[in-house]
Amino acid sequence: ERGPALAQLRTIEFLALIIIIFVLAGVVLLQRLFARLESERRHISSIVANLTDGLIEYDNTFTIKLLNRAAERMLAVEEKKVLGKEILTRDINTQGFRSLSQVMYPALAPVSRTVAKLSSGGTVNEIQITQPVERDLQIITAPIVDIITGNVRYFIKTLRDITREKIINRSKS
């Protein structure tokens, strides 16, 4: 009786040891995967932060999720002051939010025109802002679609300062 019971116990111990080895191997693989994902996240964040064009990411409620350095400079607004804030049309009257409001809602700008509608559902607008300085901006708004559900989850606005181009075009004509 002891022989078969002892053999069964050793089989269970052996199976438990194999399970522990697989679990530990899985933990090591997950740690490597998370380290790689974190490295990729930092890499992408660095690229976005250093773009020369302004970049604003927001959701369906116009809540700011990201604002890069170029957008901060163009609009004279700090990311830390707007991150997580829902930008409403009435924010045009809030100190320091005028230009951001005009970018988020181009119709609020003193000069605004839609240049193109994109097949992706996005738009290209040109607006003129007066704060912090008068400048012409080209704004490309593009929806970010969830690849699993197909729903629009976020939007990206790319801001390009086209003031010099406008001045050159005016001087030609």
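A residue is termed partly exposed when its relative accessible area lies between the buried range, under 20%, and the exposed range, over 50%. The legends below refer to a predicted model.

**View 1. The loop residue Ala76 in its surroundings.** Ala76 lies in the loop that links helix 2 (69–75) and helix 3 (79–82). Ala76 is classed as partly exposed because its relative accessibility is 46%. Apart from neighbours within four places in sequence, the contacts of Ala76 are Ala71, Gly96 and Pro132. Of these contacts, Pro132 is 56 residues from Ala76 in sequence, with a C-alpha to C-alpha separation of 5.9 Å.

**View 2. The open sheet of six strands.** The strands follow the order 2-1-6-5-4-3, and their pairing is antiparallel. Strand 2 (64–67) and strand 3 (111–117) form the edges, each pairing on one side only. On average, neighbouring strands of the sheet are turned by 20° against each other, direction ignored.

**View 3. Pairing of strand 1 with strand 6.** Six bridges connect strand 1 (residues 54–59) to strand 6 (residues 152–161) in the antiparallel sense. Asp59 has Tyr154 of strand 6 as its bridge partner.

**View 4. Packing of helix 5 on the sheet.** Helix 5 (residues 163–172) touches strand 3, strand 4 (123–129), strand 5 (135–145) and strand 6. The direction of helix 5 makes about 130° with that of strand 5.

Conventions: Residues numbered from 1 in each chain as written. Predicted model: local features only at pLDDT ≥ 70, side-chain atom pairs only at ≥ 80, totals over all residues. Heavy atoms only, no water. Pairing = 2+ DSSP bridges. Helix = DSSP H or I, 4+ residues; strand = E, 2+ residues; numbered from the N terminus. Axes fitted to C-alpha atoms, helices over the stretch in contact; angles between N-to-C directions. Contact = heavy atoms within 4.5 Å. Buried < 20%, exposed > 50% of the residue type's maximum accessible area, 1.4 Å probe, protein only.
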